[in-house]
Amino acid sequence: MATRPARNTAAATAARAAPSQLKELFSYRLNRLAHVSSRIAAGLNESRYGVGPREWRIIALLGAAAPMSLNALARESNVDKSQASRAVSELIERKLIRRSADAEDGRGISLDLTAAGRRLYQEMFPAAVMRNESLLQVLSPAERDTVERALDKLIERALEMFHDAKAEIPTRRGRNAGPR
């Protein structure tokens, strides 16, 4: 497998000591931040709105980019298609999502928020923005700008690394999905 060399590896390693344990790895720390942040959101969304994390992702995606197919929703929400289908069915039963025939594909279905789903999204999304702002308030404007730029670079690099390692990475159960 051909891998691309890490950029500025020697200079970066010389500037700081290499991690000596799991909790010092950047990927571990980033995952921990994402996990804690997601747990806060999941708990508050469940208690305030009766919506779990999977349902929130679907509502949020439809709120921003409806209509969407089930396949697109599953891919964008990073949820297995069968799990997305169950969540969509529950949201249809709760009258938050409506299903209609896809105008471009006679066999496909198109999903969109109902008026109640749109109202819920319009209530939940500002709360998500406020949680993010509350988390980021510990950073100065310059630090925040640096973090935003760094995240963009890291995502781009991670996607390159994923592409390079794709032959060695097992396909996810139920679909051949990659990261976004």
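What follows is an exchange on how the labels given to parts of this predicted model are justified.

Me: What makes up the protein, read along the sequence?

Reply: The order is α-α-α-α-α-β-β-α-α, with 7 helices and 2 strands in the protein. Of its 180 residues, 26% are buried. The exposed area is about 12,800 Å², and carbon and sulfur atoms supply 54% of that area.

Me: How do you know that helix 3 has the span expected of a helix?

Reply: Helix 3 covers residues 53-65. Its 13 residues should span 18 Å at 1.5 Å a residue, and the end C-alpha atoms are 18 Å apart, so the two values agree.

Me: How does helix 7 fare when its reach is set against the expected value?

Reply: Helix 7 runs over residues 141-165 and has 25 residues. From first C-alpha to last it reaches 36 Å, close to the 36 Å expected at 1.5 Å a residue.

Me: Why is Leu33 called partly exposed?

Reply: Buried means under 20% relative accessible area and exposed means over 50%. Leu33 has 45%, which lies between these cut-offs, so Leu33 is partly exposed. This residue, Leu33, lies in helix 2.

Me: What makes Leu33 eligible for a nonpolar surface patch?

Reply: A patch residue needs over 30% relative accessible area and no salt bridge, and Leu is among the nonpolar side chains that count. At 45%, Leu33 passes the area cut-off, so on that point Leu33 qualifies. The patch is about 720 Å² and also includes Phe26, Leu30, Leu135, Val147, Leu151, Leu154, Ile155 and Leu159.

Me: Which helices supply at least two residues of the nonpolar patch?

Reply: Helix 2 (26-49) and helix 7 do. Helix 7 gives the most, with 5 residues.

Me: Why is the pair Glu133 and Arg144 called a salt bridge?

Reply: The rule asks for a side-chain nitrogen of Lys or Arg within 4 Å of a carboxyl oxygen of Asp or Glu. For Glu133 and Arg144 the N to O distance is 2.7 Å, so the pair meets the rule. Glu133 lies in helix 6 (residues 115-136) and Arg144 in helix 7, so the salt bridge ties together parts that are 11 residues apart in sequence. Both ends fall in the partly exposed class: Glu133 has a relative accessible area of 37%, and Arg144 has 26%.

Me: How many salt bridges does the rule give?

Reply: The count is 3. Another of them joins Arg149 to Asp145, with the closest N and O atoms 2.2 Å apart. Arg149 and Asp145 both lie in helix 7, 4 residues apart, about one turn of the helix. Arg149 is partly exposed at 47%, as is Asp145 at 40%.

Me: What makes Glu160 and Arg157 a salt bridge, and are these residues buried or exposed?

Reply: Their side chains meet at 3.3 Å, N to O, and the cut-off is 4 Å, so the pair counts. Glu160 and Arg157 are both buried. The two residues lie in helix 7, 3 residues apart, about one turn of the helix. Asp164 and Ala165 of helix 7 are buried as well.

Me: Which residues touch the most other members of the largest nonpolar core?

Reply: They are Trp56, Ile58, Ile59 and Leu62, in a core of 26 residues. Helix 3, helix 4 (70-77), helix 5 (81-93), strand 2 (109-113) and helix 6 each supply at least two residues of this core. In soluble globular proteins, nonpolar side chains tend to be buried together.

Me: What covers the buried residues of helix 3?

Reply: The cover includes helix 2, helix 4, helix 5, strand 1 (97-101), strand 2 and helix 6. The buried residues themselves are Glu55, Trp56, Ile58, Ile59, Ala60, Leu62 and Gly63.

Me: Which residues is Leu62 in contact with, leaving aside its neighbours within four places in sequence?

Reply: Leu62 is in contact with Met68, Leu73, Ile97, Leu111, Asp112, Leu113 and Arg118. Across the protein, among contacts between residues at least 6 apart in sequence, 53% join residues at least 24 apart.

Me: Why does Ser89 count as partly exposed?

Reply: Its relative accessibility is 29%, above the 20% limit for buried and below the 50% limit for exposed, so Ser89 is partly exposed. Ser89 lies in helix 5.

Methods
Residues numbered from 1 in each chain as written. Predicted model: local features only at pLDDT ≥ 70, side-chain atom pairs only at ≥ 80, totals over all residues. Heavy atoms only, no water. Expected span 1.5 Å × (residues − 1). Buried < 20%, exposed > 50% of the residue type's maximum accessible area, 1.4 Å probe, protein only. Patch = residues over 30% accessible without salt bridge, like charges linked within 9 Å, V, L, I, M, F, W, Y side chains within 5 Å. Areas by Shrake-Rupley, 256 points an atom, 1.4 Å probe, with all protein chains shown as cover. Contact = heavy atoms within 4.5 Å. Core = buried A, V, L, I, M, F, W, Y, C linked by side-chain atoms within 4.5 Å.
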